[in-house]
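Colleague: I should like a close look at the surroundings of the ligand. Please set out which residues surround the ligand and how they meet it.

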Amino acid sequence: MGITDCKMIDLPKIADPRGNLTFIEGQRNVPFEIKRVYYLYDVPGGAERGGHAHKDLHQFIVAMSGSFDVVLDDGREKKRFHLNRSYYGLYVCPMIWRELDNFSSGSVCLVLASNVYEESDYYRDYREFIEGRARG
Ligand code: TYD
């Protein structure tokens, strides 16, 4: 799987004068079953997150508040996505190196994941990631 498998996905938006509502259902709005939810918040200005790849994990990233950038890299191509709305998000398939930066103050980054946390699923070294991709 490469960068072309990663894409922005529009979410349902129920517009209402009382406030808008968006929902995310596993296997419907995102192409995997959701097993874990986590979020980044209170990110200091200039900070970078990510800097790793996952072997098997599928993820979906949403800017719940504020904005930030996600840079994806499949070892051949790099692509920068700007996230700034809570009614769409970025699907990231396995074996993609990702970095998050350019966080606006007060931003909240929601991540839905296809599995529980497992450190053994991470590539934290870029060279090992590239070698892992070469092995297929
Ligand atoms: P990490 O995935 O490296 O953060 P990011 O990609 O956002 O920069 O995780 C940071 C730390 O938090 C690391 O020690 C592992 C821990 N962690 C968990 O225990 N559970 C989780 O679900 C996640 C995402 C991280």
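Modeller: A residue is near a molecule if one of its heavy atoms lies within 4 Å of it. This is a predicted model, in which local features need pLDDT of at least 70, side-chain atom pairs count only at pLDDT 80 or more, and totals for chains, interfaces and linings use all residues. Residues are numbered from 1 along each chain as its sequence is written, and side-chain values use heavy atoms, with hydrogens and water left out.

The shell around the ligand consists of Arg 36, Tyr 38, Leu 40, Arg 49, Gly 50, His 52, Tyr 117, Tyr 122 and Arg 124. By class, four of these residues are nonpolar, two are polar and three are charged; here Ala, Val, Leu, Ile, Met, Phe, Trp, Tyr, Cys and Pro count as nonpolar, Asp, Glu, Lys and Arg as charged, and the others, Gly among them, as polar.

Polar contacts, meaning pairs of N or O atoms within 3.5 Å, link several side chains to ligand oxygen atoms. A polar side-chain atom of Arg 36 is 2.4 Å from an oxygen atom of the ligand, and for Tyr 122 an N or O side-chain atom is 2.6 Å from a ligand oxygen. Arg 49 likewise places a polar side-chain atom 3.0 Å from an oxygen atom of the ligand. Taken alone, the ligand exposes 520 Å², of which the protein buries 63%, with accessible areas from the Shrake-Rupley method and a 1.4 Å probe. Two elements, β4 and β5 (49-54), each give two or more residues to this shell; strands are DSSP runs of E with at least two residues, numbered from the N terminus.

Terms used. Polar contact = N/O pair within 3.5 Å; in protein donor to acceptor, adjacent residues only side chain to side chain. Helix = DSSP H or I, 4+ residues; strand = E, 2+ residues; numbered from the N terminus.
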